[in-house]
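Please read the following walk through a protein model with the coordinates open beside the text. The paragraphs are meant to be followed in order.

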Amino acid sequence: MQDLHYMKPTSLNLFCKGENQVLSQLYKVLVSELHFVAYRYVKCELEAEDIVADCFEKLLKMPNDRRMQKFISNKINIKALLFLMVRNQSLDVLKINKNRSRILENIHKEFPMLAFNESLTNTTQSNFDALLATLPVKEKTVLTLLIDGFTKEEIVNQMGISEKTVSNLLCNARRKVKNNWVKYME
């Protein structure tokens, strides 16, 4: 089955009469070559696989009379047709992706700043404030100072406690906030 149009004439006749299992044999023979062709265009494994599968699906859905006309009457080489289909489908995918990119780019140009949702920010801030409220005063103070951008050394100087105490307070505060967040999200 080296280059007999990748299908023996009897197999081609069976395919044209509706025997779709013949197409699965052809798929096994040509899939790697067709995948390579599609990948050269789209540079994406998954898209290349989809393109090849779509092309075989089109052949599978082709009515028997159309198969007979194409492959028996017009003597179209099924392998050549598949390569052409894969190339065209790949170009279509590239065109669609390019159009999507262009549309998104135009949207970003027209609306460079998306609307700022203050209610979401306020809700998030109030939720975080509620989490902080569950902490003891020292842990809350140390964590708040760290969030505000102070270094551990600055917190040590400001609160008059040791660096080890600041580290312990931060560790405890983070653990409690994390545990409370998990409980809150349940």
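What follows describes a predicted model, beginning with its nonpolar cores and going on to aromatic pairs and some individual residues.

The largest nonpolar core has 25 residues, and those that touch the most other members are Phe15, Leu59, Phe71, Leu82 and Val86. Two or more residues come from each of the helices α1 (9-16), α2 (21-42), α3 (45-61) and α5 (78-110), with α2 giving the most, namely eight residues. Apart from this core there is a second, separate one of 14 residues, whose members include Leu131, Leu145, Val166 and Ala173. As a general background to such groupings, nonpolar side chains in soluble globular proteins tend to be buried together.

Leu59 is a useful place from which to look around the largest core. When its neighbours within four places in sequence are set aside, Leu59 is in contact with Phe15, Leu23, Arg67, Phe71, Ile78, Leu81, Leu82 and Met85. Three of these partners appear again below.

Which kinds of aromatic pair does the structure hold, given that there are two? The rings of Phe15 and Phe71 have centres 6.0 Å apart and planes at 50°, and the pair is therefore tilted. Because Phe15 belongs to helix α1 and Phe71 to helix α4, this pair ties together parts that are 56 residues apart in sequence. Both of these phenylalanines are buried. In the other pair, Tyr27 and Phe56, the ring centres are 4.9 Å apart and the planes stand at 80°, so the arrangement is edge-to-face. Here the tie is between helix α2, which holds Tyr27, and helix α3, which holds Phe56, and the parts joined are 29 residues apart in sequence. Tyr27 counts as partly exposed because its relative accessibility is 34%, whereas Phe56, at 7%, counts as buried. Phe15 also has a charged neighbour, since Arg67 lies over the face of its ring at 4.1 Å from the ring centre.

Two loop residues deserve attention for their backbone geometry. Lys43, in the loop between α2 and α3, has a positive phi of about 55° although it is not a glycine, and Lys43 is exposed, with a relative accessible area of 57%. Lys75, in the loop between α4 (64-73) and α5, likewise is not a glycine and has a positive phi of about 55°; its relative accessible area is 69%, so Lys75 is exposed.

Finally, Val156 lies in helix α8 (residues 152-159) and is buried, with a relative accessible area of 17%, because buried means under 20%. Beyond its neighbours within four places in sequence, Val156 is in contact with Ile161, Ser162, Glu163 and Val166.

Definitions and conventions: Residues numbered from 1 in each chain as written. Predicted model: local features only at pLDDT ≥ 70, side-chain atom pairs only at ≥ 80, totals over all residues. Heavy atoms only, no water. Core = buried A, V, L, I, M, F, W, Y, C linked by side-chain atoms within 4.5 Å. Buried < 20%, exposed > 50% of the residue type's maximum accessible area, 1.4 Å probe, protein only. Helix = DSSP H or I, 4+ residues; strand = E, 2+ residues; numbered from the N terminus. Contact = heavy atoms within 4.5 Å. Phe/Tyr/Trp six-rings, centres within 6.5 Å; stacked < 30°, edge-to-face > 60°. Lys NZ or Arg CZ within 6 Å of the ring centre and 35° of its normal.
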